[in-house]
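Here's a quick briefing to read alongside the model. Have the sequence and the 3D view open, and click along as you go.

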Amino acid sequence: MSGLGPFREGLVLRDLVPRLPVFPDPATWSVRMRRASLELPPADANLARAELEPLLRPYNGSAGAYRWETASA
């Protein structure tokens with residue numbers, strides 16, 4: 001899986017929380033996200049991958065939207 005999603009669009013993690021066992025208490029899911037690292041179990045990673053894949057576009061066709069124009073002084 002490779003590519004980029006449309007700039008400022010994409011998967012909303014909050015919407016997946018009830019389906020991800022890595023977050024046993026959906027009410028406090030954001031606390032777990034504040035950890036230095038959060039290992040996803042394979043089933044959770046597969047779910048995230050399945051949700052992300054349809055959003056991906058080829059890198060060369062999407063990368064330009066991620067570039068910031070420099071402000072002229």
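Start with Phe 23: this residue is buried, at a relative accessible area of 4%. Keep in mind that you're looking at a predicted model. The average pLDDT for the protein is 82, and 95% of the residues reach at least 70.

**Confidence**

- Helix H3 (residues 42-52) has the highest mean pLDDT among the elements, at 91.
- At the other end sits helix H4 (residues 59-62), whose mean of 76 is the lowest.
- A general caution applies here: where pLDDT is low, don't read the predicted coordinates in detail.

**Core and aromatic pair**

- The largest nonpolar core has 6 residues: Leu 16, Val 17, Leu 20, Val 22, Phe 23 and Leu 47.
- How many aromatic pairs does the structure hold? The count is 1.
- That pair is Phe 23 with Trp 29, with ring centres 6.0 Å apart. The ring planes sit at 75°, and an angle over 60 degrees counts as edge-to-face, so this pair is edge-to-face.
- Val 22, another core member, reaches beyond its sequence neighbours (anything up to four places away is left out) to touch Arg 32, Leu 38, Glu 39, Leu 40, Pro 41 and Asp 44.

**Helix H3 and its two sides**

- Which residues of H3 are buried? They are Asp 44, Leu 47 and Ala 48.
- Looking down the axis of H3, you'd find those buried residues within an arc of 95°, so they line one face of the helix.
- Pro 42 and Ala 43 are exposed residues on the face of H3 turned away from that buried side.
- Asp 44 belongs to H3, and its relative accessibility is 1%, so this acidic side chain's residue counts as buried.
- Not counting residues up to four places away in sequence, Asp 44 touches Leu 20, Pro 21 and Val 22.
- Asn 46 is in H3 as well, but this one is partly exposed, with a relative accessible area of 44%.
- If you want a distance across the model, the C-alpha atoms of Asn 46 and Ser 62 are 24 Å apart in space, with their positions 16 residues apart in sequence.

**The salt bridge**

- The structure has 1 salt bridge, formed by the side chains of Arg 19 and Glu 51 at 3.2 Å, N to O.
- What does the pair link? It connects distant parts of the chain: Arg 19 is in the loop between H1 and helix H2 (29-33), while Glu 51 is in helix H3, 32 residues apart.
- Are the two partners buried or exposed? Arg 19 is partly exposed at 47% relative accessible area, and Glu 51 is partly exposed at 28%.

**Leu 11, ahead of H1**

- You'll find Leu 11 in the segment before helix H1 (13-16).
- Its relative accessibility is 32%, so Leu 11 counts as partly exposed.
- Setting aside neighbours within four places in sequence, Leu 11 contacts Leu 16, Ala 48, Glu 51, Leu 52 and Leu 55.
- One of those contacts is Ala 48, which is 37 residues from Leu 11 in sequence and 8.7 Å away in space, C-alpha to C-alpha.
- Glu 51 is on that contact list too, and you've already met Glu 51 as the salt-bridge partner of Arg 19.

**Leu 38, between H2 and H3**

- Where does Leu 38 lie? Look in the loop between H2 and H3.
- Leu 38 is partly exposed, with a relative accessible area of 25%.
- Leaving out neighbours within four places in sequence, Leu 38 is in contact with Val 22, Phe 23, Arg 32 and Met 33. Val 22 and Phe 23 are both members of the largest nonpolar core.
- Leu 38 and Leu 11 are 27 residues apart along the chain, and their C-alpha atoms are separated by 18 Å.

Methods:
Residues are numbered from 1 along each chain as its sequence is written. This is a predicted model: local features need pLDDT of at least 70, side-chain atom pairs count only at pLDDT 80 or more; totals for chains, interfaces and linings use all residues. Side-chain values use heavy atoms; hydrogens and water are left out. Rings of Phe, Tyr and Trp (its six-membered ring) pair if their centres lie within 6.5 Å; planes under 30 degrees apart count as stacked, over 60 as edge-to-face and the rest as tilted. Buried means under 20% relative accessible area, exposed over 50%, partly exposed in between (1.4 Å probe, protein chains only). pLDDT is the predictor's confidence in each residue, from 0 to 100. Helices (H or I, at least four residues) and strands (E, at least two) are DSSP runs, numbered from the N terminus. The arc is that of the directions from the helix axis to the C-beta atoms. A nonpolar core is a set of buried Ala, Val, Leu, Ile, Met, Phe, Trp, Tyr and Cys residues joined through side-chain atoms within 4.5 Å. Contact means heavy atoms within 4.5 Å. A salt bridge is a side-chain nitrogen of Lys or Arg within 4 Å of a carboxyl oxygen of Asp or Glu.
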